[in-house]
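Here are a few short exercises to work through with the model open beside you. Try each task before reading its solution.

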Amino acid sequence: MNYDFSLIIEKFPIFLPAALETLKIAAASILMGVILGLIIAFGRLSKHKIIYYLSTLYVTIIRGTPIILQLFIVYYGLANIIKLDPYPSAIIAFGVHNAAYIAEIFRGSILSIDKGQMEAARSIGMSNFLAMRRIILPQAFKRAVPNLGNQFIIAVKDSSLASTIAVRELLLKSQQLGSSTFRFMEYLLIAGIYYLIITVILSFFVNKLEKRLAVNER
Amino acid sequence: MVKVAKRSDKSMIRVESINKSFGDNQVLHDINLTVHEGEVVVIIGPSGSGKSTLLRCINFLEKSESGQIYFGEELVVHKENAINKMRQNVGMVFQHFYLFPHMTVLGNIIEGPIQVKGMKKQEAIKLAEELLDKVGLLDKKDFYPAMLSGGEKQRVAIARALAMSPKFMLFDEPTSALDPELVGDVLNVMNQLAKEGMTMLVVTHEMGFAKEVADRIIFMDEGKIVEEGNPDSFFLNPENERVKDFLGCII
């Protein structure tokens, strides 16, 4: 059987619902990753021993084990305690996963801000919290943007693993159509093109944000 | 020329038996120092003598191991709230300026009054513009720090500290990071402040400034106050050998 690449154009539109699923999982897990990641980053920077060790343990475990294992633990492993549907399972597992990496990105960018910035803020009477919010974080966030963008792209691609627990996203769609017609290549390429479109658009906006934030610097 | 003492007998800041170590290295040995209201005290000494550390201990940017600091007559306890309260009254100017790079010049100055004191924005802007006028930089108010020269940055930093209406100002080598031709503008602003009666504690290597503006000069070496006196006697007849050597090197 020859490849029939005209199928790619013909069948491209029927992947749209699956692409939206991919987008939703990626967006939700990134949002969760950013919020949880910021909290873990503060934990990693905390002088409080227990908080520091707990957050370090979190990062060590999540970064040190495969993402697909984490997904299976949430979906299959936890089933005895709480039975989650595939869709929320994927978002929780990926969110928890992204948080570990995003925490390290935030921690690094917070540490990269000159200690003098905190001292200057404290010297005008700001509390630690206020100085963090008004002086350190806005600068740290700026420096985190390129790495965050990178992590967001990884998160989009990692969402394809949700196909293993029957979330109807891009990869599952192409596998299903491929196995019923034996035209794997054509359908896999459609999924690939969707992923590429999403990641290219995402990096375009990240670049734009980076440029906009860099305005005040030499 | 005899200087007329303008200081009162009321103490602005009193440092009692401060000790500070970094690891095994003791950088401050049992320091006692009082700065009176309206007084300008200049600390000089070789690098590594503990001058900057003393200044930073006074503002609690470093934690001293033992000793007390009194602001006015009040003991400042090692509690976040007490320290924040004191810092609102004590302005600090750093060697490397530390302006907030993500804010404009105006933004830097109104930040403290609005966020810490809860001043209304309009009022804070008015205050900031007055201060910028005073340091000669009103035309730069919408610039970002990266667009300023070192001397301009330092003058903005002084205005930022003044915006909190401090009773007392600490200067940590404010001109050491500047190109020589920019030093004068910053010293002029400090000179002006001194004339207006601001209480100041200044760590500097600018002997001209020390001679002209200081009411009292303190010489530190190896974490101790070795000699102190009024500028005339200090520069003309230093008693301590170490001071003589130091002055011999730089004048």
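**Exercise 1. A salt bridge across the interface**

Find the distance at which the side chains of R134(A) and E111(B) meet, and decide what kind of interaction this is.

Solution. Keep in mind that this is a predicted model. The N to O distance between the two side chains is 2.7 Å. The cut-off for a salt bridge is 4 Å, so R134(A) and E111(B) form one. In total, 3 salt bridges are counted between chain A and chain B.

**Exercise 2. The side of chain A that touches chain B**

Work out which helix of chain A gives the most residues to the side that touches chain B.

Solution. Start with the helices that each supply at least two residues: these are α6 (115-123) and α7 (128-158) of chain A. Of the contributors, α7(A) gives the most, with 8 residues. Next, sort this side of chain A by class: 7 residues are nonpolar, 8 are polar and 8 are charged.

**Exercise 3. The extent of the interface**

State how many residues each chain brings to the contact, and how much area is buried.

Solution. Chain A brings 23 residues and chain B brings 25 residues. Between them the chains bury about 2,100 Å², with 55% of that on carbon and sulfur atoms.

**Exercise 4. One alanine in a helix**

Decide whether A103(A) is buried or exposed.

Solution. First place the residue: A103(A) sits in helix α5 (residues 86-111) of chain A. Its relative accessibility is 0%, so A103(A) counts as buried. Beyond its neighbours within four places in sequence, A103(A) contacts G37(A), I40(A) and A41(A).

Key. Residues numbered from 1 in each chain as written. Chains lettered and ligands numbered in written order. Predicted model: local features only at pLDDT ≥ 70, side-chain atom pairs only at ≥ 80, totals over all residues. Heavy atoms only, no water. Contact = heavy atoms within 4.5 Å. Buried area = accessible area lost by both parts, 1.4 Å probe. Helix = DSSP H or I, 4+ residues; strand = E, 2+ residues; numbered from the N terminus. Nonpolar A, V, L, I, M, F, W, Y, C, P; charged D, E, K, R; others polar. Buried < 20%, exposed > 50% of the residue type's maximum accessible area, 1.4 Å probe, protein only.
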